[in-house]
Amino acid sequence: MSLIILGVFAAVYFGMILGKIPGTNLDRTGVALLGAIVLLATGTVQVNSFFDAVDIGTILLLFSLMILSAQFQLAGTYSYIVKKIGNYDFNPTKLLAVILLTTAILSALLINDIVCLALTPLVIEICSKRQFNPIPFLLGVACASNIGSAATLVGNPQNILVGEALKLSFSKYLFDSFVPVLLSLVSLWLILSWQYKKHWLMPVKKIVVDEQPFSLGQSIKGGIITLCLLAVFIFGFFSRDVAALSAAGFLLISRSMRSRDILKNVNWQLLVLFISLFIVNFALNESGMLQEFQNFVLNGGIDLYKPGWLFVVSAGLSNIVSNVPTVMLLLPLAKHPLAGSVLALSSTLAGNFFIVGSIANIIVVQQSDRLGVHLSWVEHAKTGMPVALVSLTIAGLWLWLSS
């Protein structure tokens, strides 16, 4: 059994690194799902252990927040906000600052992946109208979505996982994250403004994207639900997963939006990835091999139970296998009172280093390519690397000072 678990774990995380299994069309989700199927089919993980392996609260919260994000997307809220920004006669640096702040705030309240999906084509359209170079603005959307999502326990999938698994206080985490996030956003603006100070203008083919018509009523409905959920999260009236699921159920009751359209905007691939990785990591943890690995690295002078080492390893591993698999792998070692904030901040902020470090980055790149704007690995790394290093340094120092 140990050989099966080790083989499946190695194959799954190898797939996480490459993004696929060579010679097949399996992507990260497919690789993780196949690994989980092998463990269940061979009896290595019993079917009746499913609810022990999978954190249902995390899945429900993630699903519910996807429904909330879909509400704003179908109501045309994202389009309306970006169009309003585009109507002001900002110079490039001011426009960049407003886009960064808008992206960060939306990503903190809603899931950053869907925010990037909605904002990327709209930002390209604004740049094409003004003949601005779209690259710094797209880099801004990608990096600001990661930084902004680090601010709360509902901003991205890995933070949702950390918050639910460790039962973190929403307000306590906000205290740990707010200053690093704010300073990181300022750093991002300064870096992009300096890097592109002579390259703001560029002849761009005029692009007009299809967008949802704006519905004031549906946007207000989504806004009220969001504020109510934030109150629940901050003051802890109910469990976060049940509150979010109740909100999703309320949003599905609509006279103007079909439930099938709302559910189309749910990232089912990500939910399957989560469930599959839960099963793979459960098998590894139950086998005792994770503890053996911990003892091995401890003998080498690396104590992953200490926040400093956990911060460094989480940040580094997030750029190898991506942040969600990293957090799942390291969660059993999160015993220190600061471990939750360390995992959430380090794994999220490290996502800016390379394109593959975050799904949000990949979404921006893919959406841009679809509209004829190519954002290369080199272009991203030129900005992403210094942004990630600066933001990680800020977060590490803040957590150390506040501990």
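Which backbone oxygen does the side chain of N319 reach at 3.3 Å? The side chain of N319 reaches the backbone oxygen of A315. This is a predicted model, in which local features need pLDDT of at least 70 and side-chain atom pairs count only at pLDDT 80 or more, while totals for chains, interfaces and linings use all residues. Residues are numbered from 1 along each chain as its sequence is written, and side-chain values use heavy atoms, with hydrogens and water left out.

**Contacts of N319**

- N319 belongs to helix α16 (residues 307–321); helices (H or I, at least four residues) and strands (E, at least two) are DSSP runs, numbered from the N terminus.
- N319 is buried, at 14% relative accessibility; buried means under 20% relative accessible area, exposed over 50%, and partly exposed in between (1.4 Å probe, protein chains only).
- A polar atom of the N319 side chain also lies 3.4 Å from the backbone nitrogen of F354.
- A polar contact is a pair of N or O atoms within 3.5 Å; within protein, one must be able to donate a hydrogen and the other to accept it, and residues adjacent in sequence count only if both atoms are side-chain atoms.

**Salt bridges**

- Seven salt bridges are found in a search of the whole structure; a salt bridge is a side-chain nitrogen of Lys or Arg within 4 Å of a carboxyl oxygen of Asp or Glu.
- E125 and K83 form a salt bridge through their side chains (2.6 Å, N to O). This pair links distant parts of the chain, with E125 in helix α7 (residues 112–130) and K83 in helix α5 (residues 77–87), 42 residues apart.
- E125 also meets K129 in a salt bridge (3.5 Å, N to O). K129 and E125 are both in helix α7, four residues apart, which is about one turn of the helix.
- K83, E125 and K129 are thus named together as a network of linked salt bridges.
- Within the network, E125 is buried at 3% relative accessible area, K83 is partly exposed at 24%, and K129 is exposed at 51%.
- R258 and D261 form another salt bridge, with 3.1 Å between the closest N and O atoms. D261 is partly exposed, with a relative accessible area of 22%.

**Aromatic rings**

- The whole structure holds nine aromatic pairs. Rings of Phe, Tyr and Trp (its six-membered ring) pair if their centres lie within 6.5 Å; planes under 30 degrees apart count as stacked, over 60 as edge-to-face and the rest as tilted.
- One of the nine pairs is F63 with W268, which is tilted, at 5.8 Å centre to centre and 40° between the planes. F63 lies in helix α4 (residues 56–74) and W268 in helix α14 (residues 268–287), so the pair ties together parts that are 205 residues apart in sequence.
- F63 is buried at 18% relative accessibility, whereas W268 is partly exposed at 45%.
- F137 and W200 also form a tilted pair, 5.7 Å centre to centre with 50° between the planes. Because F137 lies in helix α8 (residues 134–149) and W200 in the loop between α10 (170–195) and α11 (216–235), the pair connects parts 63 residues apart in sequence.
- F137 is buried, with a relative accessible area of 0%, and W200 is buried as well, with 10%.
- F137 and W200 form one aromatic cluster together with F132.
- The charged end of K221 sits over the ring of F250, 5.5 Å from the ring centre; the criterion is NZ of Lys or CZ of Arg within 6 Å of the ring centre and within 35 degrees of the ring normal.

**Nonpolar surface patch**

- I4, L33, L34, I37 and V38 make up a nonpolar patch on the surface, with about 360 Å² of accessible area together.
- Helix α2 (residues 28–41) contributes the most to this patch, with four residues.
- I37 is in helix α2 and is partly exposed, at 44% relative accessibility.
- Patches are made of residues with over 30% relative accessible area and no salt bridge: like charges are joined within 9 Å, and nonpolar side chains (Val, Leu, Ile, Met, Phe, Trp, Tyr) within 5 Å.
- Accessible areas come from the Shrake-Rupley method with a 1.4 Å probe, and for residues only the protein chains shown count as cover.

**Positive phi angles**

- Most residues other than glycine have a negative phi.
- Q131 has a positive phi, near 60°. Q131 sits in the loop between α7 and α8 and is partly exposed at 31% relative accessible area.
- K167 has a positive phi of about 50° and is not a glycine. K167 is in the loop between α9 (157–166) and α10 and is exposed, with a relative accessible area of 65%.
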